[in-house]
Structures are given as structure tokens and as C-alpha cells.
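Student: Could we take a close look at just one part of this structure? I'd like you to walk me through a metal site, step by step.

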Amino acid sequence: MLKRASPVFASSLSELTAEIPLIHIDAEGRTIDMLLQYIYPDCRPEVGSDFDAFLAVLQLAVVYQVGHVMQILRKMLVTPEMLTQFPIRIYAAATRWRFTAEAEIAAEATGRLDLARASEKEVGNISATDLVKLMGRHVRRKSDILEALKGWKSSLCKTCQSMPGDSWSMRYYVRAVDEVKKHPATDVIFSEEFINQETGKSNCPECDNYFVLSQRLKDLKQAAAHSMRRQSPSYSRKSVQSTVSTIAPITPIPSTPQLENIFSEGDCILRSIDSQDIRVYRRILIEASMFWKHLFSLPQSQPDVDPADPESAVPIVDCTERGRTLKLLLQLIYPVPKPKFRTFAQIEPVLEAAHKFEMDAALQHLAGILREAHFIQLDPVRVYALACRYDLPELARLSSSFTLRSDLEQTAEESVFGLSAISFLRLLQFRDTRAAQITAILTERAPPSPCEQCKIAWASNWLRLALEEVCRRPVSDTIFGLSFVTKSFDVEQVRRSFDRIGYHQCNNIFNIADHDWLQELKKKIDMLPESLDP
Ligand SMILES: [Zn+2]
Ligand SMILES: [Zn+2]
């Protein structure tokens with residue numbers, strides 16, 4: 001039965017010769033039991049609401065290539081009940097196993113969620129990369145559906161286009177745009193319930209004609225679905241930039257002749273994955289790390305020492321790092337000038353190695369480099385992800401405050417490499433909490449009153465712009481900056497008011513009371529906690 005069901009079982013069973021063959025499977029007993037129930041005919045076990053158990057069985061079916069069970073479970077993965085409960089996790093699972101169609105369906109089902117507000121239960125243990133991918137998809141999907149809706153609007157008669165209230169078609173357009181802006185998916189706007197709303201009100205004989213309408217709805221569905229299948233996602237500016245920076249040729253790190261020589265002497269050889277032999281002094285490694293201290297305290301086996309050749313007695317340690325990486329790491333613990341790092345691509349492998357070899361001093365030095373502006377300001381999310389990964393709480397705290405200054409909706413996938421979705425969600429929630437706190441402070445008191453004559457107030461312009469800005473970047477630096485404040489003085493608006501009510505001594509100016517008002521707001525905002533405890 002097993003041989004029939006899976007090529008993996010078939011090959012491992014044919015290798016076994018014992019009377020009762022024994023196969024070791026890396027899974028819990030109940031998962032294996034469940035898989036067997038699916039393999040046996042006429043057995044349909046109830047997975048119920050235990051989503052983790054369901055995924056475990058599917059995982060096993062994928063690993064053992066149990067084709068027909070995989071088919072059954074893939075169908076179950078995208079049933080409406082599953083999709084309403086766990087769309088994000090289904091998307092992540094389907095992406096991992098390259099179930100393209102299922103991933104697409106699940107991604108569409110996430111459209112009804114505000115991803116920044118997803119709960120821990122909804123994201124489970126998925127990676128931040130999957131969450132960021134979904135966020136990017138939501139942005140693209142929204143603009144695509146809105147584009148399709150524009151097509152709908154442009155096919156209406158001129159009268160309807162300018163009078164939103166007079167036809168069902170135009171009212172549908174307004175309602176649908178509203179809905180899609182909140183939730184970038186089509187399930188709601190194409191639902192019977194949504195379509196049947198407002199049918200009783202006034203209609204346009206031309207646009208709301210039944211036959212014209214049903215054709216136009218069909219076109220809209222097609223246009224909206226077409227964009228879903230489009231394979232070339234439009235990349236955000238930031239992700240293009242970051243991609244370029246990672247594939248750009250690595251600028252060589254200047255090395256002095258002295259550095260070339262230091263790794264030709266020593267009582268031990270580190271052999272890199274790219275076959276470079278790096279000579280080091282064990283003493284230095286032992287002082288720098290518990291890992292090496294432990295390694296060199298183990299009894300050394302030296303079977304083929306040639307007494308005539310002292311060189312053959314030098315122990316060799318095979319490493320999985322590249323020679324370049326090892327040399328940079330060693331420079332950090334040797335009494336030589338420290339290397340300079342300019343890009344994430346340069347520093348990341350060294351950080352990984354320092355963490356693996358438990359070289360605390362080197363790790364702290366690298367953490368210090370990541371605090372420099374061209375790392376932490378350029379990509380604070382990436383620094384945050386590294387800090388979480390290598391257990392650097394101080395750096396995590398500092399970088400979390402810098403993430404408030406970057407637009408998290410634009411996060412590139414490589415910035416969150418290795419970060420869990422839950423950690424990334426905490427950043428999003430931190431941003432939203434601060435945005436809410438700042439909004440409360442800004443709207444607590446009414447802004448200074450407008451000019452008596454023209455009723456224009458730069459302060460209300462400023463407040464409107466500031467509230468928009470703090471939703472994305474909830475910090476005080478930008479909104480109180482000179483250029484931001486001057487932006488709220490709309491010269492055109494004042495000029496038009498002169499045309500309207502005539503020239504007057506306009507009181508829409510920046511006076512000392514306004515200055516105090518802004519100062520007070522800034523002081524309150526700056527008192528809010530600005531970093532997240534990892
Ligand atoms: Zn019309
Ligand atoms: Zn005025």
C-alpha cells in the first residue's frame with residue numbers, strides 16, 4: 001500500500017531486507033497516523049479546526065510525495081472555511097511548497113484583512129518575508145482593482161460620470177472604490193449583497209440597462225481578475241534600490257601589506273570553504289571565544305604526522321565560511337587596524353560567523369558599526385532584523401526607533417530576512433500605537449484661529465498634513481521641520497481669497513502664539529517612548 005502511494009516509500013522499502021522493515025519518519029505519531037488514514041481507502045479523518053495538525057499531515061504528504069493525499073489536502077487547504085480562518089498562514093504554506101494556484105487564492109483572501117493589525121494566531125510562525133510580500137501585493141492589487149474600476153466609470157455616459165447620485169452604475173463605482181481602498185480584494189464588491197444594494201434609487205436609462213449592465217460587470221470582473229494573474233509585479237522604488245545594492249560589485253576593503261602577512265603565521269590552519277588556508281594563533285582564538293576555547297580543549301587526533309615535516313603537525317580546522325569572511329572576522333580580534341564595512345552584503349556574513357563562533361567582542365564591534373548612519377538610517381528594518389537574529393537587544397531598541405522614520409509599508413523582502421512575522425508585526429503595531437498617541441496630542445486642542453477676513457489658517461493646513469504624515473512616520477522631526485511648516489502656507493489660496501473678498505491685511509501669519517503652540521505639541525510628542533523593547 002505504501003509503495004503504491006509514494007515513490008519515496010517505494011524506494012526506501014525496496015532497500016530494506018529485514019522481515020519487518022523499519023522506516024524512521026521525522027514526525028509525530030498522530031501525524032503519521034493521520035497520513036496513513038488518508039492513504040487507506042475509504043478513510044477520511046476529521047482534521048477539524050486543528051490547523052497545525054492539518055499542516056503537519058500535508059507537510060508529510062509533500063515530503064513523501066504521496067500524490068493523491070496531497071491532492072485531497074491541497075483542495076482542503078483553500079476551502080472557504082479554511083480561508084476565512086487562516087488566509088495568511090495558508091498563503092505562507094502554499095508559497096513554501098510552491099502551490100502557486102493555492103497561494104494566489106489565499107493571497108486574495110487576505111485582502112479583507114488589515115495586515116498591520118493581524119493577530120499572532122493569524123500569522124502563526126510564518127516569516128516576515130511572507131508578510132512583507134503580502135503587504136506589497138496588497139498595494140499592487142489595490143491599484144489594479146482601482147484601475148479596473150476606472151474602466152467601468154469611463155464606459156458610463158457623460159451625465160452619470162459627473163452626477164454620482166443619479167445612476168446605480170455610478171453609485172456602485174463610488175461604493176466599490178471606497179471598499180477596495182479599505183480592502184484590496186474583489187470578493188465583497190462582486191458579492192450579491194453588495195451588488196443588490198441601492199437598486200431601488202434613481203437609474204440612468206442608458207447606463208443601468210440590464211443587458212448593458214451585465215456585460216459591463218463581466219468586463220469588470222475580467223479586468224480585475226486579469227491583473228491578478230499578471231506575473232510582473234511592479235517593484236517599489238525602495239526594493240529596486242536595495243536589490244541593486246546587493247548585486248552591485250563588492251567594493252574591495254582596503255588591506256595593508258601588514259594584513260596580508262598576519263595570516264601566514266600561526267599554530268593552526270583554518271581552511272575556508274573556498275579552499276583558502278588561513279594561519280592563526282590558537283591563543284588569540286581561545287581568548288576571543290568560548291567556541292574556540294572548547295574546540296581546542298578537545299583531544300586532537302593527528303594520525304598522519306610526518307616527523308620529518310613539522311608542517312604536517314599543524315592542525316587544520318575546516319570552516320564553512322569563505323576565506324574573505326574569516327579574514328575580516330579575525331582582523332576584529334587581532335591587534336591590527338579594524339576593517340571598514342560599507343554595505344550590508346559585506347557585514348552580514350561576518351556577523352553570522354561572529355555569532356556562530358561566539359566571539360562576543362567582535363559581535364559588539366559589528367553592532368557598533370550597524371549603528372552608523374549609512375546602515376541604521378539607510379535600512380533600519382534590516383538592522384532590526386539582524387539585531388533580533390543575533391540577540392543584540394540594545395541595537396534592536398535603537399533600530400526600532402529608526403524604523404518609525406521609514407515607511408514600513410515599503411519594506412523590501414531582503415530587509416526582513418530571518419525575521420519572524422510576529423516580530424515584524426510588533427514594529428507595525430509600535431508604529432500604529434505611536435501614531436494614535438501623536439494624533440491624540442495634535443488634536444487635543446484646536447489650532448490657533450484663522451484670519452477673520454478670509455477664514456484661512458495655515459495651522460489647520462499644517463494639522464491636516466501632519467496627521468497624514470504621522471500615520472506613516474510617527475515622529476516629531478518631520479512635521480515640526482521648517483520646510484514642512486512652510487508647506488502649510490498656501491500662497492495660491494491666499495491670492496485666490498484676494499480675488500474673492502478683495503485685498504486685506506491678512507492675519508494668516510506665523511506669530512509668537514503659533515510658535516508656542518507648536519513648541520508645546522513637540523514637547524509632548526518627544527516625551528513618548530521612542531523605542532520598542534525586544
Ligand atoms: Zn448614464
Ligand atoms: Zn486673510
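Tutor: Sure, let's start with the chain itself: the donors of the zinc ion (ligand 2) follow the spacing C-x2-C-x49-H-x1-C. Keep in mind that we're looking at a predicted model here. Now put names to those letters: Cys 451 and Cys 454 each offer their SG atom, His 504 offers NE2, and Cys 506 offers SG. These atoms coordinate the zinc ion (ligand 2) at 2.2 to 2.4 Å.

What geometry does the site of the zinc ion (ligand 2) have? The angles among its 4 donor atoms are 107 to 113 degrees, and the site is tetrahedral. To count as tetrahedral, four donors need all their angles between 85 and 135 degrees, so this site qualifies.

Next, see where two of these donors sit. Cys 451 is found in the loop between helix 25 (421-443) and helix 26 (458-472). His 504 belongs to another stretch, the loop between helix 29 (491-501) and helix 30 (512-526). Because the pair sits in those two loops, it ties together parts that are 53 residues apart in sequence.

Are Cys 451 and His 504 buried or exposed? Both of them are buried.

If you want something to set beside the zinc site, scroll back to the sheet. There, 3 strands form an open sheet in the order 2-1-3, with mixed pairing. Its edge strands are strand 2 (277-280) and strand 3 (316-318), each pairing on one side only. Strand 1 (residues 268-271) runs parallel to strand 3, and 3 bridges join them. In that pairing, Arg 271 stands opposite Asp 318 in strand 3.

Key
Residues are numbered from 1 along each chain as its sequence is written. Chains are lettered from A and ligands numbered from 1 in the order in which they are written. This is a predicted model: local features need pLDDT of at least 70, side-chain atom pairs count only at pLDDT 80 or more; totals for chains, interfaces and linings use all residues. Side-chain values use heavy atoms; hydrogens and water are left out. Two strands pair if DSSP finds at least two bridges between them. Helices (H or I, at least four residues) and strands (E, at least two) are DSSP runs, numbered from the N terminus. Donors are N, O and S atoms within 2.8 Å of the metal (3.2 Å for Na, K and Ca); water is not among the atoms, so sites may look incomplete. Four donors count as tetrahedral if all angles lie between 85 and 135 degrees; four count as square planar and six as octahedral if opposite donors are over 155 degrees apart and all others between 65 and 115; anything else is irregular. Buried means under 20% relative accessible area, exposed over 50%, partly exposed in between (1.4 Å probe, protein chains only).
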